Amino acid sequence: MDITFHPVGDQAVLLQLGDTIDEQVNQHVRKISAHFDKYKPDWMIEYIPAFTTITITYDPFYIHKRHAAGVRPYHWICEQLQLILKERTEYKAEHSRTIEIPVCYGGEFGPDLAAVAEHNRLSEEEVIQKHMAGDYLVYMIGFAPGFPYIGGMDPEIATPRRDDPRLAIPEGSVGIAGGQTGVYPIETPGGWQLIGRTPLSLFQPDQDIPSLLQAGDRIQFVPITEEEYQERKRGSQ
């Protein structure tokens, strides 16, 4: 796999591992991320993994003082990363977890279910069945705290974002945007097509790891009734 480097301002470098949303490429992203979790260089401030990239931020003044006086920090960083990446075959990503997400589909919880069905010339029940049957992988967390970008959805229910984004989408809303599905962990504006809602809390700021889902998790959506939703919601409060 060819990895390219690109400057991002004067304090970050972007590692480009691919240019398409692909599970194999994303696995390499997660392997390198796992290495940085265990062996974080002293010059690194943080790393930000995405679908096919990792952005690494650094302190150029620290590098100049401690490692490479008289050398451009970006060039020095690229040399260090090349050395690290030569050993990437030894990296191991964390084992995938499979997490069930209960969803109450349609009704007030899924106001766009009918629109998704109409767009794809399916019944609402067919949309639900196809959404439940997807082979899902969490590719990345972003946009909002704990928001999972989930790939593997059946392309027969792919639907463009809404033309008129909502100003407030309730926490737990399950949506579709293009060929992806996702779950809103907090109330936030957004334009995804809403087909259901989960009583699970995906963002828990009082926990050491505040995001319930992590990149690499496998997801299984499980249908529940409105009564079950309300019962589980009360139980989580």
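# Exercises on a predicted fold: two sheets, two cores

Helix α1 lies across β3 and β4 and runs at about 155 degrees to β3. Axes here are lines fitted to C-alpha atoms, for helices over the stretch in contact, and angles run from 0 to 180 degrees between N-to-C directions. Contact means heavy atoms within 4.5 Å. Helices (H or I, at least four residues) and strands (E, at least two) are DSSP runs, numbered from the N terminus.

This is a predicted model: local features need pLDDT of at least 70, side-chain atom pairs count only at pLDDT 80 or more, and totals for chains, interfaces and linings use all residues. Residues are numbered from 1 along each chain as its sequence is written, and side-chain values use heavy atoms, with hydrogens and water left out.

## Exercise 1. The open sheet

Find the strand order of the open sheet, and state which strands stand at the edges.

Solution.
- Step 1. Apply the pairing rule: two strands pair if DSSP finds at least two bridges between them.
- Step 2. The open sheet has four strands in the order β1-β2-β4-β3, with antiparallel pairing.
- Step 3. β1 (4-7) and β3 each have a single partner strand, so one side of each is left without a neighbour in the sheet. These two are the edges.
- Step 4. The twist averages 20 degrees from one strand to the next.
- Step 5. Check one pair. Four bridges join β1 to β2 (residues 12-16). Within this pair, His6 stands opposite Leu14.
- Step 6. Add a helix. α3 lies across β1, β2 and β4, at about 155 degrees to β1.

## Exercise 2. A residue of α3

Is Ile84 buried or exposed? How far is Ile84 from His35, in sequence and in space?

Solution.
- Step 1. Place the residue: Ile84 belongs to helix α3 (residues 73-85).
- Step 2. Set the classes. Buried means under 20% relative accessible area, exposed over 50%, partly exposed in between (1.4 Å probe, protein chains only).
- Step 3. Ile84 has 17% relative accessibility, so it counts as buried.
- Step 4. Ile84 and His35 are 49 residues apart in sequence, and 9.3 Å apart C-alpha to C-alpha.

## Exercise 3. The barrel

Trace the closed barrel, then follow β10 through its partners.

Solution.
- Step 1. Seven strands run β5-β12-β9-β10-β7-β6-β13, with mixed pairing.
- Step 2. Neighbouring strands of this sheet are turned by 40 degrees against each other on average, direction ignored.
- Step 3. Helix α1 (residues 23-38) packs on this sheet too, touching β6 (136-141) and β13 (218-223). Its direction makes about 45 degrees with that of β6.
- Step 4. Take the β9 side of β10. Four bridges join β9 (residues 173-177) to β10 in the antiparallel sense. Ile176 stands opposite Thr181.
- Step 5. Look at the turn. The hairpin of β9 and β10 has two residues between the strands, and Gly178 takes a positive phi near 65 degrees.
- Step 6. Take the β7 side. Two bridges join β7 (residues 148-151) to β10, again antiparallel. Tyr149 has Gly182 as its bridge partner.
- Step 7. Sort the side chains. In a regular strand the side chains alternate between the two faces of the sheet. In β10 (residues 180-183), Gln180 and Gly182 point one way, Thr181 and Val183 the other, and all are buried.

## Exercise 4. The cores

Which residues of the largest nonpolar core touch the most other members?

Solution.
- Step 1. Define the set: buried Ala, Val, Leu, Ile, Met, Phe, Trp, Tyr and Cys residues joined through side-chain atoms within 4.5 Å.
- Step 2. The largest core has 24 residues; Ile101, Tyr105, Val127, Ile195, Ile219 and Phe221 touch the most other members.
- Step 3. β5 gives the most to this core, with four residues.
- Step 4. Apart from it lies another core of 23 residues, among them Ile3, Val25, Phe36 and Ile63.

## Exercise 5. Aromatic pairs

Classify the ring pairs Phe51–Tyr139 and Tyr136–Phe221.

Solution.
- Step 1. Rings of Phe, Tyr and Trp (its six-membered ring) pair if their centres lie within 6.5 Å; planes under 30 degrees apart count as stacked, over 60 as edge-to-face and the rest as tilted. By this rule the count comes to 12 pairs.
- Step 2. The rings of Phe51 and Tyr139 have centres 5.8 Å apart and planes at 45 degrees, so this pair is tilted.
- Step 3. Phe51 lies in the loop between β3 (44-49) and β4 (53-58) and Tyr139 in β6, so the pair ties together parts 88 residues apart in sequence.
- Step 4. Tyr136 and Phe221 are edge-to-face, at 5.1 Å centre to centre and 80 degrees between the planes. This pair links β6 to β13, 85 residues apart.
- Step 5. Tyr136 is buried at 1% relative accessibility, and Phe221 is buried at 1%.
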